[in-house]
Amino acid sequence: MILLKKRGLSPVIATMLLVALALVLAIIVFLWARSFVGETIQKQGREIEQSCEEVSFRAEAFASGVDSGKLSVVNIGTIPLYGVEVRKKQVIGEISQVETFQNNMVLSGETGEISIAQFITDGEIAECDELIVVPVLLGETEQYKKTYVCDKDYSVEIIVKECNTPKNEQLKDF
């Protein structure tokens, strides 16, 4: 009978295989855990939540008249607004719509408009309804730009009006 000499792996090769296996497992765990930790959104070099504290704006919504179906927003703060989230204040449930401004940003001192005509046409919003208008900011992550809806604490509550006067006269009283 012929004896076959069977030899195992050398200790150096076995150690290298164990290190490689441990490295592969560490990378897999790192990539998996990274999905749980969200990237922070920043605006002007700080966390975007801090920018929400500096947002200041006024809003008006009209159910009929010249500006029917429009929500006008005047930015009186220093932080540019990217859009607004419109919520109807009611006892049960909440209608919510996030819209961005047509010309992308509403800078300090500028006015932007959002269409709420679809809600009015569907009968979901009518004159004298209370709306909550929440600012939407555009921030940056390491890889891309991302929108952020501020907390309700930074919102403005308005009542939908009927409007029969030209827009310039409304803003004087605003």
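Start by selecting Phe101, in the loop that runs between strand 6 (96-100) and strand 7 (111-115). Keep in mind as you click around that this is a predicted model. Is Phe101 buried or exposed? With a relative accessible area of 3%, Phe101 is buried, because anything under 20% gets that label.

Now bring up what surrounds it. Leaving aside residues up to four places away in sequence, Phe101 touches Val73, Leu81, Tyr82, Gly83, Val84, Val106, Gly112, Glu113 and Ile114. Pick Leu81 out of that set and draw a distance between the C-alpha atoms: Leu81 and Phe101 are 20 residues apart along the chain, and you should get 8.4 Å.

Next, jump to helix 2, which covers residues 48-52. Two selections are worth making here.

First, Ser51, which sits in helix 2. Its relative accessibility is 0%, so Ser51 counts as buried. Show its contacts and, again skipping residues up to four places away in sequence, you'll find Lys43, Arg46, Ile79 and Leu137.

Then go to Glu49, also a helix 2 residue. How accessible is Glu49? The value is 38%, so Glu49 counts as partly exposed; the label fits because that figure lies between the 20% and 50% cut-offs.

For the last stop, stay on Glu49 and switch on the surface. Which residues gather with Glu49 in a patch of negative charge? Add Glu47, Asp151 and Asp153 to your selection, and you have the patch on the surface. Colour these residues by charge if you want the patch to stand out in your view.

Terms used
Residues numbered from 1 in each chain as written. Predicted model: local features only at pLDDT ≥ 70, side-chain atom pairs only at ≥ 80, totals over all residues. Heavy atoms only, no water. Patch = residues over 30% accessible without salt bridge, like charges linked within 9 Å, V, L, I, M, F, W, Y side chains within 5 Å. Areas by Shrake-Rupley, 256 points an atom, 1.4 Å probe, with all protein chains shown as cover. Salt bridge = Lys/Arg side-chain N within 4 Å of Asp/Glu carboxyl O. Lys, Arg positive; Asp, Glu negative; His and termini not counted. Charge placed at Lys NZ, Arg CZ, Asp CG, Glu CD. Helix = DSSP H or I, 4+ residues; strand = E, 2+ residues; numbered from the N terminus. Buried < 20%, exposed > 50% of the residue type's maximum accessible area, 1.4 Å probe, protein only. Contact = heavy atoms within 4.5 Å.
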